[in-house]
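Please look at the chain shown here with its charged side chains in mind. The paragraphs that follow go through some of their pairings one after another.

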Amino acid sequence: MAEISMNKARTIIRKTLAKGRELDLKPLSVVVLDSGGNVKAFEREDGAAPGRFQIANGKAYGSIMLGMAGTAQMARAEQQAYFMAAANGVYGGNVIPVPGGILVRDKKGDIIGAIGVTGDTSDNDALAGAAGIEAAGLTAEV
């Protein structure tokens, strides 16, 4: 099974944070998970709230465990709140179903990980994260 490399994870974080600065977003935090939901890399910008790791991780973790990005999770939560509540229960309350949880696909289209971005609005988090993934030569599913 293909996995996201440490080099790609670091590139994604660096480029996501650069996009956030370019867009004048609030301080961001970014986590990269491998395809098993394990933390590969994390950074929290100066000025970001200390609890942002848990939020970023919840966005990414939900994406990888459910196989759907945060935008799709949010739509599912709006349509079937009982399903997302049950799924969140299965995963110990660690799923945050909002934009900013982004699946990472390789050139073959295989899921190799997910990222979680938090700090600004969820839509802006997703925008910055997608830019970071694409700058690393991978495909973002927001």
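In this predicted model, the side chains of Asp125 and Lys59 come together in a salt bridge, with 2.9 Å from N to O. This pair joins distant parts of the chain, since Asp125 belongs to helix α5 (residues 122-135) while Lys59 belongs to helix α2 (residues 52-66), and the two are 66 residues apart. Asp125 is buried, its relative accessible area being 1%, and Lys59 is likewise buried, with a value of 2%; both descriptions rest on a cut-off, because a residue counts as buried when its relative accessible area is under 20%.

A second pairing involves strands: Glu141 and Arg105 meet through their side chains in a salt bridge of 2.7 Å, again taken from N to O. Here too distant parts of the chain are linked, with Glu141 in strand β5 (residues 139-141) and Arg105 in strand β3 (residues 101-105), 36 residues apart. Glu141 is partly exposed, at a relative accessible area of 28%, and Arg105 is also partly exposed, at 21%.

The pairing of Lys19 with Glu22 is found within one helix, and the closest N and O atoms of this salt bridge are 3.2 Å apart. Lys19 and Glu22 are separated by about one helical turn, because they stand three residues apart in helix α1 (residues 6-22). Lys19 counts as partly exposed at 23% relative accessibility, whereas Glu22, at 58%, counts as exposed.

How many salt bridges does the count come to? The count comes to four, and among them are the pairs Asp125 with Lys59, Glu141 with Arg105, and Lys19 with Glu22.

Key
Residues are numbered from 1 along each chain as its sequence is written. This is a predicted model: local features need pLDDT of at least 70, side-chain atom pairs count only at pLDDT 80 or more; totals for chains, interfaces and linings use all residues. Side-chain values use heavy atoms; hydrogens and water are left out. Helices (H or I, at least four residues) and strands (E, at least two) are DSSP runs, numbered from the N terminus. Buried means under 20% relative accessible area, exposed over 50%, partly exposed in between (1.4 Å probe, protein chains only).
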